[in-house]
Each structure stands twice: as structure tokens, then as C-alpha cells.
Amino acid sequence: MIVELQNLLQSILWEEAAVTGQVPAPRSGHSFSTVGGRHFLFGGAGRHNGKATSFNDLHVCDVSSPEETKWSLFQAENPPPSRARHAAVVLDQKHLLVFGGINRRTRYDDVWLLNVADKKWQRPVIEGLSPAARAHHTATKCGNKVLVFGGYAGNGRALGDLWILHLSDDNVPLRWEEALLSGTPPTPRFDHCAFIFPVTPNSSTFDKYMVMGGRDNSSQFSDSYMLDLNKMAWESDAKPPALTYELCNNLCDDIESVPYHKVFTFGGKRGATEFQNVVEVMDCGMQFWHQPEVQGTPPCPREDTAWVFDIKTCCMYVFGGWSNRWLGDTWKVNVSPIIGPPYACTSVEPDIGPVFGNSEIIVKGLRFTDGKCQVKFGTGKSEVIQDAEYVDPDTLKVKTPNYELYGAMTVDIRVNISGEGWTVNKIQFNYFANTSAKNCLAYGPGLLPQGEVFGVEMPFIIQAKDTCNNKRSSGGDLFTVRVVSAAGEMQGGSRIVDLHNGLYEVFYTAPAAGAFLVHVQYADAGVNPVPIDIRGSPFAVECTDPWIKYRVLGHGNSRHSVIADLILLMLQGLSMFTVSDDLVVYGGDKSGLAVCTMAGADWKWAAPAITGKEPVSRKFQSLTAIGNQMVMFGGQSLEDNADLNDLFFLSKVFTCMPYSVALPASHVPAPMDSCFDKSLACS
């Protein structure tokens, strides 16, 4: 399912965190990672005792209290050498992996593993040739692999290699492998960003790995490259969603959201000295970047910083960085209006209802759970919250609230389950004002005072209007139409067709000639509503007699002389059809063919003279008219009840009705006019 553009443009809220405890020293090039629900800051470069240095300390950031952000020092045995601009990857709920980095001029190619439960560091033994020592690179976990790309190896050498660190089932690093993939890989670079994301809605399967921006020794980049993780090949025909400007040393992370993940970027540097403090967001469904509206005051521009996402507060926490000085501040940016809760609403059925509410609607969505379900109609001062019924993970059921206090309008619908937050991919419901009988109109030929006829459906249109005298744009109104003679002695019939756009087609039939009143009524909403006439109702019409009555002379044979017998014979297999200007009756008994000539002032029954081979008497035959002739096939013989499969043509030839027998397909008969004796006359 595609998210509308206006749903993406939500705001973020910046505020500086009120910090307590053992705050880390100002630094840049550090890592910030969430392991088992706790946020660990490691390493970086800064100043100690007045001298520039690198760190190998660990700090925990506790954001559980809304009033304060508490820092504490985390003591772990056997720490790795101090370093900055390394890469840190969370492997599971207990383990953090660190690869590479730099300490002054020493670059590392080592892998370290932190067990936060045991509070121990270890350097695992890994098979295979390891990547060259580097810093300013990226490392990204993807399933049971860690992808390491690029970096700076010193002596002016930017790297463009991709390495895979294979993990065991319990996330123990096992083996290095350099990935030699098809397609066009990114050019060598460092200070870039890399992340994985799914392109399928409501999916936890990551399909793509993207490398974006960065720099080499001579220039910065604004390009991006996409790796298909299913094919393990660089995509050459795709155009990955890159930023519109050159940027390096920025943050970039994928965050789960429903239905599509969101990717956030922050900070970095453009050019030589232009530090950034802009947040941009990419929706993984639409795959383009945009800047959300910003509330609050953002931190000063910076590069080489680090952040972490706290799922409980839906905030990104930023610490430190470089802005021509080392920074030691802690900031948080609330991204909940963009991320939303772990569920989403996608549609509502129906999406329109009366302003007085009490209409049952179905809210469709993703990942609903059976908790306290609420649906919010509207926003701000006009919002109304209704309790909803959980049906299944894709469905909620709710009654619309009365919205007469705010009037008819289109409102946003959002869902909250068990207090986890309101959905951000809003959907809309249209409240319409109640239909007002006094404002509704009716027009059309069926309501003209003169010119109506009885026995024939007469049409007109009803235009529904609401209490604000606006035309309705949907259906569902219960109009009634009664046709009553002026004296009140006779009543006609009617039918109404709802066009579902505020218009209703009406067809009524008067039972006789004379004066009639057409009542068009609607029951206004309220307690015990009573139908009342719409504007102009009742409409007075004069119906005339449109029917021409012919005198019928003669009879084909005795069976056709009585209407009741004729109806009975039709039930028994008799057929009526027309050939040219004649009404022909055949079948049902052994009386043969009867013809009623309808030309002239009087109609006349006659038994025609038959030429050609006459078919056996039958019933339940199939008949169809083709021009001035009739085609008959099959039926049931009245002689022995046998099923028939013969084909006959009947046409009027001058003054007679000849039969002809159809030949097999291989014997094509001559033209019809030459098949019959035209000299015979009908008697």
C-alpha cells in the first residue's frame, strides 16, 4: 500500500536533554548503539588533560525518565585499544561488535566483541584473510553477515572494497570473505553512510543495501549505489534515492515503521567547513528524501557525531561531534509523528457518513493487536475519540461519533492501541450534513403538469441537499415516492434508483388516466423521524390514455380464441413471435400455425397456406427472428415426446408462409426466395 505525500510531511521536535550522572567527555568519531534496550557509547577522539587523545571508555545513556537523561560509566573487562572513527554493529540482545578505527596514526583491522551481560570484551579468532586496516568506514549487519564497505587506509588511499564477516547461528564471528560482486560498485570513498532497508510494505525482510555520499581525497559525493541483497549484485539499471547535494560524515539509519521503514540522516559536512544540522527522511516505499517541519531549536551544525534510536520514547538521541571543536552535548529529537507506533491504518470502509454519527465503519490496517483500541476522528480542538472493537490483525470496528458540534467536513482518522501512540499514516473520513427534505429538489419530464400517460413508467430526478443547502455527493438517502389519484381512490407504483452521487432516478406508473399527485418525501434525521414532502411536493400531473385499441377479427383456430387458453398453452410450450408485420403463434399442441395480420385499422387472425415441408407438431421449441423470417430449432415432439434437433426457416413469401428444412452444413441451400413456390396464396 502507497503513503500519500502529505502524510510524510510531519514535524520533528528538537530539545536539549537535561543530563545527569557521569557525562562522557566531549568527543567525535565515537559510536552509539542499542544493545538489549540499553544505549552504549564507545570510543571516539577528544581531549584529556589538555591533550588530544582517543578513548576506549564505555558509557550507558539511560533515557527511561522523561525528566532527565542519565549517563553512567560502564566498566567492562579487557577493553580494546582506544580508537575513533571505528564501526560498531549490534549483533543481538547481548553482543556489540567493533571493527577497525584509528588512534592517532595507528589504524586497526581487528574485531572486538562486547558481552554486555558478562561485562567483558574479547577478541575472537576469525578465519580467512582480514580486510586492510581502516577507519572512516561503515559496517552493517544483514542477517547472519556483517557488510563492511570502504574507508580510509592512510597515505591518501580511499577504499572501495566490500567485505563480508560471516557469523554463526549464535552470532559468533567466524570468517572473513571479500565480496566480488557483479554490477558497477561504488567508487572508493570514506566518511560515507550505508544502510539496509526493505522495499516491501509491512516486511521485516531487508531487500536493499545502499551506500550514499562520502568523499575521497579530492572531492565529496552526492551519489548512491544499491546492492540487491537477494541477488548479491550491484544494481546498474536502478536510480537509488540520493540526496540532492554533496555530503560526507553524516549519520544515516533505517528505523522500522509501518507500512514502510523510514531512513533518517542528520549532520555531516558540505564543502570544507559547512557543517550541517538538517534532518532528512526517506520513506522506503516512495524512496525520495524530504525535510520534515522542525519544531524547537536544533543543535548547532556538526559532523562526526553519533546517535541512537530509543523505541520507547520514539526519539533519536545525539551526543557530541565536531564543529571546529569537540562537542559534549546531548540532544533528543522526537520523530514519533514520522515513525508512529508498530501498527498502521490503511483504509476505512465506508469512508463517508452522516454528521450525527452512529454509523458502523471498518478500519483496515496492519499489525493491529487485541488491546484497548481507540479511533480518533479529527485533530486538535475538533477531535473526538471512540473506543473500537478488535476484529483481527487487519481490522477494527467502530461507530462514528456525533460531529454536529463541528459540522460536516473531512476528518483524519488515527488509531491507538494500548497507549502505544497514534498512527501517522492517516486516512480520512467524510462527514456529510444531514439531508434536509425542505432543501431537496425534484425535476424531470415525469413531473410536468401536462403530457404524462398512464401505464408507462414516467421518469424524474431527485437532487438530495443537506441542511446547509449543499448538494449531496453520496447516496443512501431513503426517499419515498407515492402516486395517488387526486380523489384518493387509486394509487400507482414507483421505483427509485440510487446513483450514489446525491442523485436518484425515479420511475412511477399511473394506473389510469386522470389527475394524480406525486408525493416525494424524505424522513429528516432525528428521534422517530416522520416522512415529509420535499420542496414542491406533491406534484400535480395529468395523465392521458396513450393506448390504441385495435379490433381483432377472426381466429386462427379454436385454441387461440380465449386469452386464458392462450396463456395456458404458452406454459405448455406455445411460442409467439413476429415475422414482418404479422404475429405468429405456433406450438404447444397440434393445431399448427396461426397468424394475426397487424397491418391496417383492424387486426385479423387467419390460418395461412403453408408451402414446403411442415415440421412435426412440437412444444418447447427454440425460436428467433432474423429479419423477415423466423428460425426454429428442436423442441419435443407431440407424437412420441422425442427430443428434436431439426432446423426450420419460416418466411413470408408474397402472401404465403412457406416452411423450409435446413440442410446439413455441407449442403448449402439456394437463396431463400428461390426455395419456395411463390405462386401459392394464403387462404
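The following paragraphs lead from the chain as a whole to two of its sheets.

The structure is a predicted model, and its confidence therefore deserves attention at the outset. The pLDDT averages 88 over the chain, and 91% of the residues score at least 70. Residues 1–9 form a stretch where the pLDDT is below 50, and this stretch has 22 contacts in the model beyond near neighbours in sequence. A further stretch, residues 558–562, stays under 50 as well, with 14 contacts beyond four places in sequence. Where pLDDT is low, the predicted coordinates should not be read in detail.

The overall dimensions come next. The chain has 683 residues, and its radius of gyration is 42 Å, whereas a compact globule with that number of residues would have a value near 26 Å. Along the principal axes, the C-alpha atoms fill a box of roughly 130 × 70 × 45 Å. The chain exposes about 31800 Å², of which carbon and sulfur atoms supply 51%. Of the residues, 49% count as buried. Among contacts between residues at least 6 apart in sequence, 55% join residues that are at least 24 apart.

In secondary structure, the chain comes to 62 strands and three helices. Two of the sheets that these strands build are described below.

One open sheet contains five strands in the order 2-9-8-5-4, and its pairing is mixed. At its edges stand strand 2 (19–21) and strand 4 (31–35); each has a single partner strand, so one side of each is left without a neighbour in the sheet. From one strand to the next, the twist of this sheet averages 30°.

The pairings within this sheet can be followed strand by strand, beginning at the edge formed by strand 2. Strand 2 runs parallel to strand 9 (residues 69–73), and three bridges join the two. Here Gly21 stands opposite Trp71 of strand 9. Strand 9 also pairs with strand 8, this time in the antiparallel sense, over four bridges. At this pairing, Asp62 stands opposite Lys70 in strand 9. The connection between strand 8 and strand 9 is a hairpin that passes through six residues. Strand 8 (residues 58–62) is in turn joined by four bridges to strand 5 (residues 38–42), again with antiparallel pairing. The bridge partner of Leu41 is His59 in strand 8. Strand 8 thus has strand 9 and strand 5 as its neighbours in the strand order.

A second open sheet is found further along the sequence, with strands that include 344–349 and 389–392. This sheet has four strands in the order 34-36-40-39, and the pairing is antiparallel. Strand 34 (344–349) and strand 39 (389–392) are the edge strands; each has a single partner strand, so one side of each lacks a neighbour in the sheet. The twist here averages 30° from one strand to the next.

In the middle of the order 34-36-40-39 lie strand 36 and strand 40. Strand 36 covers residues 360–366 and strand 40 covers residues 395–399; the two run antiparallel and are joined by five bridges. One residue pair illustrates this arrangement: Val363 has Leu396, in strand 40, as its bridge partner.

Taken together, the account moves from a chain with a radius of gyration of 42 Å to an open sheet with mixed pairing and another with antiparallel pairing.

Methods. Residues numbered from 1 in each chain as written. Predicted model: local features only at pLDDT ≥ 70, side-chain atom pairs only at ≥ 80, totals over all residues. Heavy atoms only, no water. pLDDT = per-residue confidence, 0-100. Contact = heavy atoms within 4.5 Å. Pairing = 2+ DSSP bridges. Axes fitted to C-alpha atoms, helices over the stretch in contact; angles between N-to-C directions. Rg over C-alpha atoms; globule rule 2.2 N^0.38 Å. Buried < 20%, exposed > 50% of the residue type's maximum accessible area, 1.4 Å probe, protein only. Areas by Shrake-Rupley, 256 points an atom, 1.4 Å probe, with all protein chains shown as cover.
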